[in-house]
Amino acid sequence: MTRPPRHRLIPTNVAALAAGVSEATIRKWVSRGKLTRYGTPGRSEFDIEELTEIALRRQR
């Protein structure tokens, strides 16, 4: 999988706010393979478009 463009990546706290969940839930989604983690050790980043798709599926 290729890395999304830099402008689409957001940190964990912003990802949690955008999805309306806790940071712990974001980490859980990563461990379950539901969300792709990018970034370096100690700095997780997430693709806002992938996160939006997950959040929209949860609302249905």
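**H1 against H2**

I started with H1 and H2 in this predicted model. Their axes come within 8 Å and cross at roughly 100°. An angle from 65 to 115 degrees counts as roughly perpendicular, so that is how I logged H1 and H2.

Next I looked up who touches whom. From H1 I noted Thr 12, Asn 13, Ala 15, Ala 16 and Ala 19; they meet Glu 23, Ile 26, Arg 27 and Trp 29 of H2. Sorting the residues of this contact gave me five nonpolar, two polar and two charged.

**Thr 12**

Thr 12 of H1 caught my eye in that list, so I checked its surroundings. Is Thr 12 buried or exposed? Its relative accessible area is 13%, and the limit for buried is under 20%, so Thr 12 goes down as buried. Setting aside neighbours within four places in sequence, I found Thr 12 in contact with Glu 23, Ile 26, Arg 27, Ser 44 and Phe 46.

**H1 against H3**

Then I turned to the other partner of H1. Helix H1, residues 12-19, packs with helix H3, residues 48-59, at an angle of about 30°, and I have the axes 9 Å apart. Angles under 35 degrees count as roughly parallel, so H1 and H3 get that label. I also wrote down the hand of this crossing, which is right-handed.

Which residues make the contact between H1 and H3? On the H1 side I have Ala 15, Ala 18 and Ala 19; on the H3 side, Ile 48, Leu 51, Ala 55 and Arg 58. The tally for the contact of H1 with H3 is six nonpolar, no polar and one charged.

**The core**

Last, I pulled up the largest nonpolar core, which has eleven residues. I listed Ile 10, Ala 15, Ala 16, Ala 19, Val 21, Ile 26, Trp 29, Leu 35, Phe 46, Leu 51 and Ile 54. H1, H2 (23-31) and H3 each supply at least two residues of this core. Which helix gives the most to it? H1 does, with three residues. My margin note: in soluble globular proteins, nonpolar side chains tend to be buried together.

I followed one core member, Leu 51, through its contacts. Again leaving out neighbours within four places in sequence, I have Leu 51 touching Ile 10, Ala 15, Ala 18, Ala 19, Ile 26, Trp 29 and Leu 35. Ala 15 and Ala 19 had already turned up on the H1 side of the contact with H3, and Ile 26 and Trp 29 on the H2 side of the contact with H1.

Definitions and conventions
Residues numbered from 1 in each chain as written. Predicted model: local features only at pLDDT ≥ 70, side-chain atom pairs only at ≥ 80, totals over all residues. Heavy atoms only, no water. Axes fitted to C-alpha atoms, helices over the stretch in contact; angles between N-to-C directions. Helix = DSSP H or I, 4+ residues; strand = E, 2+ residues; numbered from the N terminus. Parallel < 35°, antiparallel > 145°, perpendicular 65-115°, else oblique. Left-handed = near helix turned anticlockwise from the far one by under 90°. Contact = heavy atoms within 4.5 Å. Nonpolar A, V, L, I, M, F, W, Y, C, P; charged D, E, K, R; others polar. Core = buried A, V, L, I, M, F, W, Y, C linked by side-chain atoms within 4.5 Å. Buried < 20%, exposed > 50% of the residue type's maximum accessible area, 1.4 Å probe, protein only.
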